[in-house]
Amino acid sequence: MFLFCFINDISAQKYKWNAQYQAYIDEYRELAIEQMLKYHIPASITLAQGLLESGAGRSKLAKYGNNHFGIKCHDWTGKTMYKDDDLNNECFRVYDNAYESFEDHSKFLARHKRYASLFSLKTTDYKGWARGLKSAGYATSPVYAQSLINLIETYNLYQYDKAKHYDQFILSKSGHTAQPLHPIYKYNKNYYLKAREGDTYESIGKEVGIRGKKLAKYNENDYKARLHEGDIVYLKKKRKKADKEFKQHLHIVQPGESMYEISQIYGIRLKYLYRINNLPADYRPRVGDALKVRR
């Protein structure tokens with residue numbers, strides 16, 4: 001036995017939607033899908049186990065050891081850390097980043113005979129996998145299987161079990177650093193993340209492997225401009241028009257909005273927002289103005 005449970009349930013927990021849990025899912029879903037296609041383990045199961053075992057990345061093991069699944073040191077020659085679990089001062093594996101943790105978790109299941117029967121199940125059978133993990137002795141909690149199922153159903157994680165491919169760009173920018181990452185989203189044939197207070201183009205650039213000055217250019221902003229909580233930061237050059245779903249859409253200007261802020265909302269280059277609306281360069285939006293975002 002090598003486990004572990006960040007949450008020691010007395011009864012199967014009914015989960016309510018939680019923003020921190022959703023952020024964890026957004027950050028690691030492509031990695032879970034990649035592991036599913038590689039090892040035939042449902043992405044929903046991997047995500048639910050990661051959520052449960054690491055408390056959505058907040059456990060000591062996840063924060064300081066990048067260990068998202070509570071795997072102990074049996075047959076391990078890598079870095080380690082010690083923490084009280086079933087016994088005092090138990091040894092746990094330490095990884096350089098989350099990707100290594102997810103990969104090691106998949107290999108652990110795929111290479112141990114006790115879990116062999118699970119691989120005859122379909123990747124869409126998350127209930128069978130959850131119950132099979134419990135029956136095989138993966139965790140000591142009597143309601144471990146139901147806890148996984150509840151998480152999967154609360155966050156609709158089963159949708160990822162039908163994936164035929166993963167987004168290589170998002171995967172390449174997430175999971176490979178030791179620091180907590182910004183979830184990356186896809187929109188208008190582009191990718192973006194949301195800044196946190198204290199972020200700079202330089203710090204975000206180091207995380208995603210794009211030069212800070214290039215990021216600032218993609219976002220039509222000064223390299224040293226101050227970023228605020230929730231600011232959109234695009235990872236590629238913005239487009240000439242909004243997504244096709246906004247073809248008949250008019251943006252109604254809200255108090256305090258600038259043309260630049262509107263261009264960021266829709267992922268449009270600023271000059272094209274002016275051009276779409278046949279506006280002069282000195283135009284300043286007024287509250288209530290209706291602007292096209294796509295021809």
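Which residues does His251 touch, not counting residues up to four places away in sequence?

**View 1. Surroundings of His251 in the predicted model.** His251 touches Glu257, Ile262, Ile265, Tyr266, Asp289, Ala290, Leu291 and Val293, with residues up to four places away in sequence left out of the count. The residue is found in strand 6, which comprises residues 250–252. Its relative accessibility is 7%; because the threshold for burial is under 20%, His251 counts as buried. Among the residues touched, Tyr266 also makes a polar contact of 2.8 Å, side chain to side chain, with His251.

**View 2. Helix 4 (residues 98–111) and its N-terminal cap.** Asn97 caps the N-terminal end of helix 4, placing a side-chain oxygen 3.2 Å from the backbone nitrogen of Tyr99. The end C-alpha atoms of the helix are 20 Å apart, in agreement with the 20 Å that its 14 residues should span at 1.5 Å a residue.

**View 3. Enclosure of helix 4.** Ten of the 14 residues of helix 4 are buried, so the helix is largely enclosed by the rest of the structure. The buried residues are Ala98, Tyr99, Ser101, Phe102, Glu103, Asp104, His105, Ser106, Phe108 and Leu109. Their cover includes helix 1 (19–39), helix 2 (43–54), strand 2 (90–93) and helix 5 (126–135).

**View 4. The second largest pocket.** This pocket has a volume of about 280 Å³. Its lining consists of 13 residues, and Asp231, Ile232, Tyr260, Glu261 and Gln264 lie nearest the centre. Helix 10 (residues 259–266) supplies the largest share of the lining, four residues. By character, the lining residues divide into five nonpolar, four polar and four charged.

Notes. Residues are numbered from 1 along each chain as its sequence is written. This is a predicted model: local features need pLDDT of at least 70, side-chain atom pairs count only at pLDDT 80 or more; totals for chains, interfaces and linings use all residues. Side-chain values use heavy atoms; hydrogens and water are left out. Helices (H or I, at least four residues) and strands (E, at least two) are DSSP runs, numbered from the N terminus. Buried means under 20% relative accessible area, exposed over 50%, partly exposed in between (1.4 Å probe, protein chains only). A polar contact is a pair of N or O atoms within 3.5 Å; within protein, one must be able to donate a hydrogen and the other to accept it, and residues adjacent in sequence count only if both atoms are side-chain atoms. Contact means heavy atoms within 4.5 Å. The expected span of a helix is 1.5 Å times one less than its number of residues. On a 1 Å grid over the protein atoms alone, a cavity is a set of points where a 1.4 Å probe fits but cannot get out, and a pocket is an open set with protein on both sides within 12 Å along at least five of seven lines; lining residues have an atom within 4 Å of a point. Grid points are joined across faces, edges and corners, and a volume is the space filled by probe spheres set on the points. Ala, Val, Leu, Ile, Met, Phe, Trp, Tyr, Cys and Pro count as nonpolar, Asp, Glu, Lys and Arg as charged, and the others, Gly among them, as polar.
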